[in-house]
Amino acid sequence: QVQLVESGGGLVQPGGSLRLSCVASGIIFSSYPMRWYRQVPGKQRELVASIISGGSTSYADSVKGRFTISRDGAKNTVYLQMNSLEPEDTAVYYCNVIYRATVYWGQGTQVTVSS
């Protein structure tokens, strides 16, 4: 059974950094596009970053130059390195994959950027 387990969220001051991790079981991450989303109350879930099997990445305009998505195939883990964090980055961040026509989400990890 596919499971995604996220970690790395927390409270950080503006300008700080966090690295989120998403560890998969029941699936080989490198074979599928992986995505990070975020959501705040009252708003649509927003696509933040994605990485495809070939390693190409894409980012939302709001995080370009600050966030980096990567993966470690040996650890079956996808990461989101977040630098120069802003209060507007505060959200619950989710890992996502579509496998055999089923959408899987991690449990979400809270990122709060505040002074």
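The legends below describe close-up views of a predicted model.

**Figure 1. Overall view of the chain, a predicted model built from strands.**
The secondary structure comprises eleven strands and zero helices, and the order along the sequence is β-β-β-β-β-β-β-β-β-β-β. The C-alpha trace spans about 40 × 25 × 20 Å along its principal axes. A compact globule of 115 residues would have a radius of gyration near 13 Å, and the value of 13 Å for the chain agrees with this. Of the 115 residues, 40% count as buried. Among contacts with a separation of 6 or more, 53% are between residues 24 or more positions apart.

**Figure 2. Strand E9 and its pairing partners E4, E10 and E11.**
Strand E9 covers residues 91–99; seven of these nine residues are buried, so the strand is largely enclosed by the rest of the structure. Strand E4 (residues 34–39) runs antiparallel to E9 and is joined to it by five bridges. Strand E11 (residues 109–113) is also antiparallel to E9, with three bridges between them. Tyr93 of E9 takes part in both pairings: Arg38 stands opposite Tyr93, and Thr109 is the bridge partner of Tyr93 in E11. Elsewhere in the E9 and E11 pairing, Ala91 stands opposite Val111.

**Figure 3. The hairpin formed by E9 and E10.**
Four bridges join E9 to strand E10 (residues 102–105) in the antiparallel sense. Ile98 has Val103 as its bridge partner in E10. Two residues lie between the strands of this hairpin, and Arg100 in the turn has a positive phi of about 50 degrees.

**Figure 4. Strand E11, with its alternating side chains and its parallel partner E2.**
On one face of E11, the side chains of Thr109, Val111 and Val113 are buried. Gln110 and Thr112 point to the other face and are not buried. Strand E2 (residues 10–12) pairs with E11 over three bridges in the parallel sense, whereas the pairing of E9 with E11 is antiparallel. Val111 is the bridge partner of Gly10 in E11, and Ala91 of E9 stands opposite Val111 as well.

**Figure 5. The disulfide between Cys22 and Cys95.**
The structure holds one disulfide, which joins Cys22 to Cys95 with an S to S distance of 2.4 Å. Cys22 belongs to strand E3 (residues 18–25) and Cys95 to strand E9, so the pair ties together parts that are 73 residues apart in sequence. The torsion about the S-S bond is about -85 degrees, and the disulfide is therefore left-handed. Both Cys22 and Cys95 are buried.

**Figure 6. The surroundings of Glu6, a buried acidic residue without a salt bridge.**
Glu6 is found in strand E1 (residues 3–7). Although buried, Glu6 forms no salt bridge; the nearest side chain of opposite charge is that of Arg45, 8.2 Å away. A salt bridge would require a nitrogen to oxygen distance within 4 Å. With residues up to four places away in sequence left out, Glu6 touches both cysteines of the disulfide, Cys22 and Cys95. Other residues touched by Glu6 include Ser21, Trp36, Tyr93, Tyr94, Gly106, Gln107, Gly108 and Thr109. Of these, Tyr93 and Thr109 are bridge partners in the pairing of E9 with E11.

**Figure 7. Salt bridges, including those of Arg38 and Arg66.**
Side chains of opposite charge can pair when their charged atoms come close. Five salt bridges are found in the whole structure. In one of them, the closest N and O atoms of Arg66 and Asp89 are 2.7 Å apart. Arg66 lies in the loop between strand E6 (57–59) and strand E7 (67–72), and Asp89 in the loop between strand E8 (77–82) and E9, so this pair ties together parts that are 23 residues apart in sequence. Arg66 and Asp89 are both buried. Salt bridges with shared partners join Arg38, Glu46, Arg66, Glu86 and Asp89 into one network. Within this network, Arg38 and Glu46 form a salt bridge with closest N and O atoms 2.9 Å apart. Arg38 counts as buried because its relative accessibility is 7%, while Glu46, at 31%, counts as partly exposed. A further salt bridge links the side chains of Lys64 and Asp61, at 3.0 Å from N to O. Asp61 has 64% relative accessibility and therefore counts as exposed.

Technical notes:
Residues are numbered from 1 along each chain as its sequence is written. This is a predicted model: local features need pLDDT of at least 70, side-chain atom pairs count only at pLDDT 80 or more; totals for chains, interfaces and linings use all residues. Side-chain values use heavy atoms; hydrogens and water are left out. Buried means under 20% relative accessible area, exposed over 50%, partly exposed in between (1.4 Å probe, protein chains only). Two strands pair if DSSP finds at least two bridges between them. Contact means heavy atoms within 4.5 Å. A disulfide is a pair of cysteine sulfur atoms within 2.5 Å. The radius of gyration is taken over C-alpha atoms; the globule rule is 2.2 Å times the number of residues to the power 0.38.
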